[in-house]
Each structure stands twice: as C-alpha cells, then as structure tokens.
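Dear colleague,

Please find below the structure that I am handing over to you. A summary of what was found in it follows.

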Amino acid sequence: MPLPTASIRLLGSLGSLAAHHMSSFPRPRRLVLLQRASVVAVAATLLLSSDTASAGDPVSEHRAITKGVDRPVKDYSGEGDASSIELNPALLIAAPQTDLSIRYYRAYNDFTRGSGAGVFFSLNLPLGVAMGVGLQGVWPALGHEIYDERADLNPDLAKISYALAIGDAKSAAMGIGIHGARLGGKWLRAPDLDVGTLIRITNYASLGAMARLGPTSLTGPGAETNLAAELAIRPLGTRTLELAGGVGANLPPKEWQAQTQEGVVLPRARVALRHQGITVSGEIEQVAGTQLDRLTLESQRAVKSWRGSLALGLTWDFMGVEAGAHAASADSLHGYGVAARFSSSRHGRSYWPRTVDAEMIDVRSVTNERSLITMLTRLKRAEQAGDRSVLVIDARQVSLGWSSLQELRDAFVRVRRAGGHVFAYLENASTKGYYLATAAEKVFMHPAGQLNMPGLSATTLYYKDALEKIGVRVEALRIDEYKSAHEPYTRSGRSEPDREQREALLDTIFGRMVWDIAQAREITQEEVRRYIDQSPVSPDDAREADLVDKVLFRDQLTEVVSEVIGAEVKFASFPSTAPENPTWAQHPYVAVLLVEGTITNGRSLSIPILDINMAGSETIVEALRALRGDPACEGIVLRVNSPGGSALGSDVIWREVAKTHAEHKKAPKFSPPIVVSMSDVAGSGGYYVAMGAEHVFVQETTITGSIGVVSQHFDVSGLLATLGINADSIHRGKNPGMFEPYRPYSDDARERLQASIQYTYDLFRRRVSKARGMTMEQVHKLARGHVYSGKDALALGLVDEVGGLYDAIDYLREKAGLGDWRETKIRIVPAEANVLDMILD
C-alpha cells in the first residue's frame with residue numbers, strides 16, 4: 001500500500017530529528033537508538049496508514065537509591081513479619097517468635113524498577129524485645145539495556161539490614177533499623193537509619209510511621225529522606241477486615257529537587273480480607289515518575305501516576321505463600337511479586353486435607369480455675385471449628401470438683417453437637433474419669449485396665465476426742481444449726497442437720513451422674529446403678545455391658561479413630577491460643593475475675609506448690625475499679641470458687657461488685673455489666689460476694705448458700721498445764737485476752753462475741769434480702785448456715801440460672817449488645833503471678 005504524503009513527510013522529519021540527536025551520542029548508544037528509531041518508524045507508519053493514534057510516552061518510576069525489593073502490597077501498621085524490617089522496624093515486635101520470609105519481585109515492563117529478591121529472619125525475644133536481619137539483591141535498572149538517564153541513581157546493589165524493636169504488640173513499640181548497601185564490593189554510602197513507631201488504639205486502630213534517613217554519601221549521591229505513615233482500621237474488632245490509609249514521600253538531595261516531584265506527599269490506601277488461612281489484599285498508591293521521550297528516552301517532565309495492586313495469600317499452619325501484581329494508569333509501571341513465609345506460630349489453614357490432626361485432651365492439666373477456663377476456651381474453639389475438630393479425652397487421674405467436671409463434660413458435648421468428633425481413652429478409670437469419658441461418641445479402654453466407679457461418698461474426720469487427749473478444747477459460736485465448719489473440732493461425729501444437707505448434696509450429684517451416663521450409653525439408670533454396685537468392672541465385662549465401645553491398646557487409637565471418621569488421623573500438638581493470633585490488643589474483651597480460695601483481707605496470695613489460694617479483698621477491689629474504667633471491657637464475670645472466709649473481706653468485695661452493677665445501670669454505655677458464675681463451691685463468703693450482682697449462674701452440682709456465721713476458739717490451757725507451761729497475763733480492760741488461746745471464753749466474752757456474730761449474720765441477711773427480693777424472715781428460713789446444691793438453690797430462689805462460664809459470657813454479650821459476628825476475647829483477672837511476684841509476696 002503506498003504511504004500517504006503526510007506519512008512520508010513525518011518519517012522524513014523523524015529521520016532528520018533522530019540524526020540530529022544521535023550525532024551527539026556515543027557510538028554504542030547511537031546503535032541502540034538507531035535500532036529503536038527504525039522500529040518506531042515502522043510502527044508509526046503502520047499506525048498512520050490505519051488512521052490510529054500513537055502510543056503514549058513511557059514513564060520511569062522514581063525510587064530512593066537504597067530502597068529494597070518492591071512488593072505489591074506494603075503494610076506499615078497492621079501485621080508484622082520478618083520482612084517488616086524493610087517497611088517499619090517497630091512491626092517486628094508483632095511478628096511470631098521466629099519468622100523467615102523470602103520475597104521476589106519482577107518488573108514485567110522495561111520501564112518498571114524494583115526487581116530483586118530478599119531473605120529476612122526475625123526473632124521475638126522475651127521481655128518485649130525483637131530483632132531481625134535481612135539480605136536483599138536489588139536490580140532497579142530499566143530492562144533490555146534501555147538507555148537509563150537515571151542509571152547512576154538506580155544501581156544494582158546488595159542490601160544488608162539489621163533492626164531492633166522494643167515494646168508490646170498490643171499497645172505500642174519503637175524500632176530502629178540500619179541498612180547498608182554494597183556496590184561492586186564496596187559500600188555505596190554510609191548506612192541508612194530507620195526510625196519506626198507503632199501505636200495500637202485498642203483492637204480497632206493502629207498507627208505506624210517510619211522515617212529512613214540516608215546520610216550524606218561517602219562515594220555517591222547526597223543525603224535523602226524517606227517518610228511513610230499509615231493508619232489501619234479494623235471496623236469489626238478482628239483481623240477479618242482491615243482498612244488502611246497513609247502517605248509517603250521521598251525527599252531527595254537538594255540538587256535533585258528542582259528536577260523531580262519526589263518531595264511531594266504521595267497518598268496510598270490498603271485493604272485486607274482474611275478468613276481462616278486465606279488473605280486477599282489490595283493497594284492503591286500514587287507514585288512519582290518521569291515521563292520519557294518515546295524516541296530518545298530522555299526525561300521530559302515529572303509526573304505522578306496511580307498504581308494499583310492485588311495479592312492473594314494462603315497459609316497452612318506454620319507456612320504460607322503469597323502472590324500479587326501491580327498495574328498502573330501509566331502503562332509502564334507494572335510488576336509481580338511472590339513470597340514464602342515460615343514461622344513458629346500458626347496462621348490458620350486455607351484448606352482441610354483428608355489427613356486430619358487430632359488433639360489429645362489431657363484432663364490432668366486442669367488443676368484450678370485458671371487452667372479450667374483455659375481448657376473451656378480451647379474447647380470453645382473446637383466447637384466453632386465444627387466438623388474439623390477431632391478430640392480424644394485422656395481421662396486419667398481426674399481430680400476436678402463435680403461442678404467443674406460437669407462444666408467440662410458439657411463443653412465436650414457441645415463440640416459433638418457442632419459436628420465435631422470426640423473420643424475417650426481409659427486405663428484405670430475412676431468414677432469421675434468415666435463420667436467425663438461418657439461425653440464422647442466412642443469410649444475405648446486398655447486391655448489391662450479397670451473401670452473403678454464404686455459410687456460416691458462424703459467423709460469427714462473428727463478431731464475433738466484427739467484434741468482433748470492432749471488438752472486442747474475448741475469452742476464454736478455459730479449461726480446456726482447447719483453451719484458445720486466447726487464440727488470436726490467440736491464434735492465426735494456428724495450432727496443431724498449436717499447429715500441432712502450432705503445427703504441432699506450427694507443425692508443431687510449422684511442423680512445427675514447416673515442420668516448423664518445412662519443417656520450417653522443408651523442404657524437404663526437401673527443398669528448404671530447396678531454396674532456401680534458391681535465395680536470394679538473388667539474391660540471385657542465393660543464392653544459386654546456397653547459401658548465402653550472397644551478394648552484396644554493406646555497405639556491403636558489413631559487407626560480406630562481413622563476408621564470411625566473416614567480419614568487418616570494423626571495426633572498433633574495444638575497451642576492453647578487461637579490458630580489466628582491477632583497482633584493487636586485483644587479488644588473488646590470480657591473479663592473473668594477470679595475469686596478463688598479462702599477470702600481474706602488485704603492482697604491475694606497463691607502458692608501453687610502447696611495448692612494454697614487466698615482471694616484478697618484489696619486485690620479484687622483494685623481489679624474491679626480498673627475494669628470499670630477500661631472502655632474496652634465489655635463485661636465482667638465474677639467467677640467464684642470459694643468456701644468463704646473473712647466476713648469483712650467478703651463485705652468489702654460485695655460493696656465493689658454492687659458499685660459496678662449500679663454504675664452499669666446508671667450509664668450502660670460507659671460501664672460494663674457484671675454477672676456471677678459459680679464453680680465448685682460458692683458458700684458463705686463465696687455466696688456473700690455474689691449478692692452484689694444482678695444475675696447469678698450456677699451448676700446443678702455447685703455447693704452454695706451457707707448463709708451463716710461461725711467463730712472458733714482454740715483453748716490450749718490444758719496442753720500448757722500438761723507440759724508444765726504457765727501463762728501469766730497482765731490486763732487492762734475487762735476482756736483484753738478474749739482471743740488469746742491460753743484460756744477459755746469468759747461468760748462476758750462469750751456473750752459479746754455472740755452479739756458480734758449476730759450482727760454479722762443480720763448484715764449478711766440484709767445483703768441477700770435486697771439482692772434476692774426476699775424478706776429477712778424468708779432469708780432466715782433458707783439460711784442458718786444451710787448449704788445447697790445449685791439445683792436446689794435455683795428452686796429456692798437463691799440463684800437465677802443453671803449455666804457455666806460461657807453461658808454467663810453469652811448473657812453479658814447480650815447485655816452489651818455484641819452481635820453474633822463479634823468475637824469475644826476473654827481476659828482472666830488478676831493476671832497470673834510469676835515466680836518473681838511470688839517471691840516478693
């Protein structure tokens with residue numbers, strides 16, 4: 001086809017222009033330009049002959065001299081990993097204990113910069129210290145030997161980095177990083193210095209900022225500064241959705257600023273969606289660049305362009321991969337990146353294979369309220385995982401109280417109802433061990449084991465006669481006949497009122513146990529009672545009686561469980577925390593405030609080795625006041641497992657519980673609600689402190705009530721006389737020695753102390769009367785030191801509802817208006833004392 005006249009004129013003009021420019025270039029560059037001019041001329045001819053417009057001029061991105069490997073999505077404030085050393089060193093504090101990240105970026109357009117690869121490793125140490133190192137190779141030159149007017153500002157280099165961060169991933173952290181760049185075996189210039197900061201604003205917002213200071217060069221360009229800041233928002237309070245916006249700027253040496261726009265603030269935005277082990281993230285940012293002449297590749301003018309990116313990440317427990325790509329309004333700014341990550345913490349699972357991890361639940365680890373709550377939380381996550389959960393109960397040496405045992409068993413049942421699988425393995429099973437095991441769909445037993453469930457008993461040792469033989473006499477003042485705490489020291493055997501209440505407690509526990517076992521094993525209650533009476537039962541007899549499903553060795557468990565669920569099963573170790581650990585503070589949260597052990601005045605004390613727990617009124621009051629003042633606290637569960645103790649300490653705690661409830665009623669949006677969850681025992685002072693709350697949850701087998709008062713006096717005067725020891729006291733006042741153990745009560749002292757405990761009893765009754773909506777006389781009929789099972793206490797109106805810890809939490813969620821989509825974090829208060837705290841106490 002003959003060329004149009006206009007086309008011929010244009011080609012002639014292009015040839016003259018090219019010849020004029022090439023005459024001033026070195027010969028190698030003239031050859032390159034000549035080749036490009038030929039291609040452009042042919043292309044232009046074809047385009048002109050078909051009446052189409054010419055393509056736009058290419059754009060070359062501006063980059064800091066020592067900038068590392070590019071990536072599709074950059075995170076300055078959200079979740080940290082080892083490669084955060086390149087973006088914000090403060091984020092290292094949010095990385096797992098150990099983390100290894102490998103990144104690769106490739107520019108698939110000749111005018112895109114940032115190609116390279118990097119390896120990063122970080123270590124999160126105790127006491128809020130993290131450090132990381134990085135090694136990168138960067139190739140920012142334009143592709144295919146294209147003439148690069150800024151080649152001296154974008155050399156290929158090796159980059160070595162070290163960073164240190166100090167702080168807390170849930171609140172705030174600071175970090176510094178040092179980056180050295182080597183070129184041709186020599187350092188390009190003095191190291192860059194990064195200063196980063198991280199501020200968490202509850203679990204809804206996080207602010208990250210970084211400044212990279214490039215000092216004056218030793219062998220190359222002058223000083224430059226890079227700035228970046230980003231605010232991330234989690235509108236749901238979880239890591240599921242994250243929205244972020246920020247700005248960045250590259251401030252080049254003064255001699256460049258007149259030629260570029262790099263000093264201009266450049267906005268950017270980021271979004272991330274996460275579900276289990278899948279992450280979809282995107283970013284849009286404005287980048288500074290230079291528009292090049294399409295023929296000569298010389299700089300024409302500084303421009304800004306919008307560039308967007310999309311990335312997909314998949315994780316499987318301790319490893320993950322990511323792939324993403326860039327695209328921009330300027331056709332030149334394109335590239336793609338891939339990454340791999342290996343860490344010591346689980347990050348969710350993007351798929352569930354036919355090989356299934358089973359979790360062995362060793363009940364021996366549950367020894368107190370704190371460990372019980374940890375286990376209940378663990379089972380709650382298994383319930384939420386549904387049919388992906390495979391649990392095996394190891395029911396050896398179960399020593400829990402009946403209420404705790406019932407609550408734990410109910411949690412296993414809920415896992416099954418949610419679609420999960422629960423199995424149990426027995427060796428020498430006790431009554432409690434077998435009761436817990438019956439929550440499972442299949443119960444297995446060792447061939448050499450036995451089923452020892454002889455029934456229930458309540459035994460009390462009485463020391464009165466032994467103490468009298470050594471000259472020690474104990475006198476008790478009490479209100480009233482059911483208050484039996486003194487009887488082991490003042491009687492030779494059980495009183496009839498105490499026998500009555502203990503019989504009632506055993507009836508409730510035994511009845512619930514027989515009912516649950518019968519329902520679980522699909523046999524009658526009469527059969528359960530018969531097998532209890534015939535205990536111990538051999539494995540074969542237990543199998544014949546349908547008490548267990550199969551007799552097998554422990555090493556056969558995985559094979560049998562695999563057959564049941566239709567997938568290959570292997571036992572794995574699971575952390576006690578969620579698979580997807582949030583790196584921000586756990587807000588909002590529900591506080592579980594423990595009142596565990598004997599109630600005392602002053603500070604709480606715990607000595608795990610001796611199994612001693614004392615709930616100090618001062619410690620609990622401080623905790624309640626702090627929780628009321630924390631806007632992130634959505635509710636408080638007062639978890640009571642206490643037989644009582646100090647009347648004064650109990651009233652001090654009651655007062656603070658009542659104030660917490662009153663402040664919530666007055667300003668429900670600004671003060672958390674409080675409810676009570678009773679565990680094994682909530683008697684006397686343990687029941688007293690619960691009367692400040694509006695709603696009380698109890699297990700059917702909880703021992704509660706005991707509204708009464710007792711005071712004991714040990715008189716060792718007889719023992720002293722036997723030993724030949726004389727006590728000679730000088731007194732001022734009528735009864736200064738009434739509490740001394742060297743003599744019995746005088747009649748006057750006895751009368752005064754009886755009046756004192758009567759006052760305490762009346763005060764106790766007033767607290768109950770107001771809380772339960774009863775008259776003082778109605779309370780007295782139920783009181784007199786009488787203990788009840790939770791089931792009976794509910795029928796008598798002393799508590800509000802049968803339920804466990806998570807029933808109380810669900811109640812609080814409803815009170816606080818938290819939707820079902822909102823995850824509830826639990827914080828146990830007060831914090832567990834470490835070794836140093838115990839030594840100081």
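**Surface patch, cores and one long-range pair**

In this predicted model, Leu-243 counts as partly exposed because its relative accessibility is 40%, a value between the limits of 20% for buried and 50% for exposed. The residue belongs to strand E11, which spans residues 241-251. Leu-243 also contributes to a nonpolar surface patch of about 510 Å², together with Ile-199, Ile-201, Leu-207, Leu-231, Ile-233 and Val-271. Two or more residues of that patch come from each of strand E8 (192-201) and strand E10 (224-233).

In soluble globular proteins, nonpolar side chains tend to be buried together. Here the largest nonpolar core has 60 residues, and the members that touch the most others are Leu-408, Phe-412, Leu-426, Leu-451, Leu-547 and Val-637. Beyond its neighbours within four places in sequence, Leu-451 contacts Leu-426 and Leu-547, and also Ala-429, Tyr-434, Met-445, Ser-535, Pro-536, Val-537 and Ala-542. A second, separate core comprises 52 residues, including Ile-599, Ile-620, Val-640 and Tyr-745.

Arg-478, in strand E21 (residues 473-479), has a relative accessible area of 34% and is therefore partly exposed. Although 231 residues separate Arg-478 from Val-709 in sequence, their C-alpha atoms are 5.5 Å apart. With neighbours within four places in sequence left aside, the contacts of Arg-478 include Val-709, Val-710, Gln-754 and Ile-757. His-486 is also among them, and its side chain makes a polar contact with the side chain of Arg-478 at 3.4 Å.

With kind regards

Technical notes. Residues numbered from 1 in each chain as written. Predicted model: local features only at pLDDT ≥ 70, side-chain atom pairs only at ≥ 80, totals over all residues. Heavy atoms only, no water. Patch = residues over 30% accessible without salt bridge, like charges linked within 9 Å, V, L, I, M, F, W, Y side chains within 5 Å. Areas by Shrake-Rupley, 256 points an atom, 1.4 Å probe, with all protein chains shown as cover. Salt bridge = Lys/Arg side-chain N within 4 Å of Asp/Glu carboxyl O. Helix = DSSP H or I, 4+ residues; strand = E, 2+ residues; numbered from the N terminus. Buried < 20%, exposed > 50% of the residue type's maximum accessible area, 1.4 Å probe, protein only. Core = buried A, V, L, I, M, F, W, Y, C linked by side-chain atoms within 4.5 Å. Contact = heavy atoms within 4.5 Å. Polar contact = N/O pair within 3.5 Å; in protein donor to acceptor, adjacent residues only side chain to side chain.
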